[in-house]
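Here is a short, friendly tour of a protein chain, going from its overall layout down to single residues. Have the structure open beside the text as you read.

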Amino acid sequence: MPIYEYRAKDQKKACEHCLGSFEATQRMNDAPLCTCPVCGGPVVRVISQFSVSAVPSTRSLLSDKSIKRHGFTKLVNEGDGKFRKI
Ligand SMILES: [Zn+2]
């Protein structure tokens, strides 16, 4: 499950838990937290550089090179029921 980083929106109202930043493990389709689980104060999600750059784009995953490296063969439909291996 991905880990998200949050920090207090308003440092003056923050508790010890959310004053700096804290991490929360959430499922991909969970709504992002908007309040601190400890004090209930407003929090914002911090988009960390690491998790953004660590996710390869779908385009590069499905490139011909990547497909070959993972042992898959790409077939291109040439029409008339013929397929060409790449
Ligand atoms: Zn808090």
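The report below starts with the whole chain, then turns to a sheet and to two residues.

## The chain as a whole

Please keep in mind that this is a predicted model. The protein chain contains four helices and five strands. If you walk along the sequence, these elements come in the pattern β-α-β-β-α-α-α-β-β.

How much of the chain counts as buried? Of its 86 residues, the buried share is 6%. As for contacts, take those between residues at least 6 apart in sequence: 39% of them link residues that are at least 24 apart.

## A three-stranded sheet

Three of the strands form an open sheet in the order S2-S1-S3, and their pairing is antiparallel. Strand S2 (22-25) and strand S3 (43-46) are the edge strands, each pairing on one side only. On average, neighbouring strands of this sheet are turned by 40° against each other, with direction ignored.

As a general reminder, strands of a sheet pair through backbone hydrogen bonds, in a parallel or an antiparallel way. Here, strand S1 (residues 3-8) is joined to S2 in the antiparallel sense by four bridges. To find this pairing in your viewer, you could look at Tyr4, whose bridge partner in S2 is Ala24.

## The loop residue Asp80

Further along the chain, Asp80 sits in the loop between strand S4 (75-79) and S5. What is the sign of phi at Asp80? Phi is positive there, near 55°, in a residue that is not glycine. For background, most residues other than glycine have a negative phi.

Is Asp80 buried or exposed? Asp80 has 5 other C-beta atoms within 10 Å, and because a residue with 12 or fewer is classed as exposed, Asp80 is exposed.

## Arg84 in strand S5

Beyond that loop, strand S5 covers residues 82-85, and Arg84 is part of it. Why does Arg84 count as exposed? The reason is the count of other C-beta atoms within 10 Å, which is 9 for Arg84, and the cut-off for exposed is 12 or fewer.

Which residues does Arg84 contact, once its neighbours within four places in sequence are set aside? They are Leu75, Val76 and Glu78. For a distance to check in your own tools, try the C-alpha atoms of Arg84 and Thr73: these residues are 11 apart along the chain, and the atoms are separated by 10.0 Å.

Conventions: Residues are numbered from 1 along each chain as its sequence is written. This is a predicted model: local features need pLDDT of at least 70, side-chain atom pairs count only at pLDDT 80 or more; totals for chains, interfaces and linings use all residues. Two strands pair if DSSP finds at least two bridges between them. Helices (H or I, at least four residues) and strands (E, at least two) are DSSP runs, numbered from the N terminus. Axes are lines fitted to C-alpha atoms, for helices over the stretch in contact, and angles run from 0 to 180 degrees between N-to-C directions. A residue is buried if 20 or more other C-beta atoms lie within 10 Å of its own, exposed if 12 or fewer, and partly exposed in between; C-beta atoms are placed from the backbone. Two residues are in contact if their C-beta atoms, placed from the backbone, lie within 7 Å.
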